[in-house]
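Student: I have a structure on my screen and no idea how to read it. Can we go through it feature by feature?

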Amino acid sequence: MDVLTEPRKSWYLSLVDRTARPRYDVFPIFANPSAFSSLLANINQHVEAHDKIVAIDAIGFVLGGALAAGSGKPFIPVRKIGKLPHPNSNLETRTFDDWDEKKGLEIKRDWINKGDRVLLVDEWIGEGFQIKAALDMIETLGGTIVGIACVYLHPDFESSIELAKKYKVFAANCLVCKYFECRCT
Ligand SMILES: O=P(O)(O)OC[C@H]1O[C@H](OP(=O)(O)OP(=O)(O)O)[C@H](O)[C@@H]1O
Ligand SMILES: Nc1ncnc2[nH]cnc12
């Protein structure tokens, strides 16, 4: 099954440019107002009540920013390491190996309060390195993840199944319906 073109999946996935290298290009969805608004509507239809939207640098900001502006919820960034203009003592940081590359993400500690209900957003979840780093930081700071929203959750990785078992995941490619009750349209 090709999750990007299979007809019962969200129609706008067919706009993803799969000829792009080294990564597929999801920007055609954002460039098409009808596609982008359908994606946002699908996410809003499926997520539980939340207090904050946390999104991952960089393309996750496009999706998370639009969701936050539409819902009136605070937008909180998880930035690539070294980019937040605050002293290290105010930052929660996670580093990880993304294949042969060392990477890191950071969030400002006082942006998450104990008990905050958080919707975590990124545009793409592959091996899950970045989303797991963000989840760990948010939960360490006392936030509760009420949902994860993305355009694409890789269907073949064990980490995707683990995520979908533990959290309510909205993925436009509807991976979860292969294993669980479908939460997508
Ligand atoms: O699940 P993973 O294997 O961790 O990969 C997914 C991540 O990779 C990309 O981020 P990246 O920082 O590479 O690119 P960007 O700056 O273009 O968003 C993408 O935006 C996800 O955040
Ligand atoms: N846009 C993308 N296409 C393919 N693999 C990816 N991994 C992270 N982002 C990706």
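Student: Is Ile138 buried or exposed?

Tutor: Buried means under 20% relative accessible area. Ile138 has 0% relative accessibility, so Ile138 counts as buried. Remember that this is a predicted model. Ile138 lies in helix H4.

Student: How far apart are the C-alpha atoms of Ile138 and Tyr167?

Tutor: Look at both sequence and space. The two residues are 29 apart along the chain, and their C-alpha atoms are separated by 14 Å.

Student: How many helices and strands does the chain have?

Tutor: The chain has 5 helices and 9 strands. Now put them in order. Along the sequence the pattern reads α-α-β-α-β-β-β-β-β-α-β-β-α-β.

Student: What share of the 185 residues of the chain counts as buried?

Tutor: The share is 49%. Take Asn42 as another case. Its relative accessible area is 10%, so Asn42 is buried. Asn42 belongs to helix H2, residues 33–46.

Student: Which side chain does the side chain of Asn42 contact?

Tutor: For a polar contact, look for a pair of N or O atoms within 3.5 Å. The side chain of Asn42 makes such a contact with the side chain of Tyr12, at 2.6 Å.

Student: Let's turn to the ligands. How many residues surround ligand 1?

Tutor: Ligand 1 is surrounded by 15 residues. The closest are Lys80, Asp122, Glu123, Gly126 and Gly128. Sort the shell by class next. There are 5 nonpolar, 3 polar and 7 charged residues.

Student: Which helix and which strand each supply at least two residues of that shell?

Tutor: Strand S6 (124–125) and helix H4 (129–140) each do so. You have already met helix H4, where Ile138 lies.

Student: Which backbone atoms lie at short range from an oxygen atom of ligand 1?

Tutor: Check the N and O atoms of the backbone. Such an atom of Gly126 lies 2.7 Å from an oxygen atom of ligand 1. For a backbone N or O atom of Gly128, the distance to an oxygen atom of ligand 1 is 2.7 Å. For one of Gln130, it is 3.1 Å.

Student: How much of the accessible area of ligand 1 does the protein cover?

Tutor: On its own, ligand 1 has 500 Å² of accessible area. The protein covers 84% of that. The space that ligand 1 takes is the largest pocket.

Student: Glu123 was among the closest residues to ligand 1. Where is the place of Glu123 in the chain?

Tutor: Glu123 is in the loop between strand S5 (117–121) and strand S6. Do not assume that a loop residue is exposed. Glu123 has a relative accessible area of 12%, so Glu123 is buried. Now compare sequence and space again. Glu123 and Ala171 are 48 residues apart along the chain, with 9.1 Å between their C-alpha atoms.

Student: Which residues surround ligand 2?

Tutor: They are Arg23, Tyr24 and Trp124. Use the same distance check. A backbone N or O atom of Tyr24 lies 2.8 Å from a nitrogen atom of ligand 2. In the side chain of Trp124, an N or O atom is 3.4 Å from a nitrogen atom of ligand 2. Taken alone, ligand 2 exposes 260 Å², and the protein buries 75% of that.

Student: What should I look for in the backbone itself?

Tutor: Start from the general rule. Most residues other than glycine have a negative phi, and most peptide bonds are trans. Then look for exceptions. The peptide bond from Arg21 to Pro22 is cis, with omega near 0°. Pro22 lies in the segment before helix H1 (27–30). The bond from Asp57 to Ala58 is cis too, with omega near 5°. Ala58 sits in the loop between strand S1 (52–56) and helix H3 (59–71).

Student: What is the phi of Trp99?

Tutor: Phi of Trp99 is near 55°, a positive value in a residue other than glycine. Trp99 is in the loop between strand S3 (91–98) and strand S4 (101–108).

Student: Is Trp99 buried or exposed?

Tutor: Exposed means over 50% relative accessible area. Trp99 has 62% relative accessibility, so Trp99 counts as exposed.

Methods
Residues numbered from 1 in each chain as written. Chains lettered and ligands numbered in written order. Predicted model: local features only at pLDDT ≥ 70, side-chain atom pairs only at ≥ 80, totals over all residues. Heavy atoms only, no water. Near = heavy atom within 4 Å. Polar contact = N/O pair within 3.5 Å; in protein donor to acceptor, adjacent residues only side chain to side chain. Areas by Shrake-Rupley, 256 points an atom, 1.4 Å probe, with all protein chains shown as cover. 1 Å grid on protein atoms, 1.4 Å probe; cavity = no way out; pocket = protein on both sides within 12 Å on 5 of 7 lines; lining within 4 Å. Sits in = over half its atoms within 2 Å of the grid points. Helix = DSSP H or I, 4+ residues; strand = E, 2+ residues; numbered from the N terminus. Nonpolar A, V, L, I, M, F, W, Y, C, P; charged D, E, K, R; others polar. Buried < 20%, exposed > 50% of the residue type's maximum accessible area, 1.4 Å probe, protein only.
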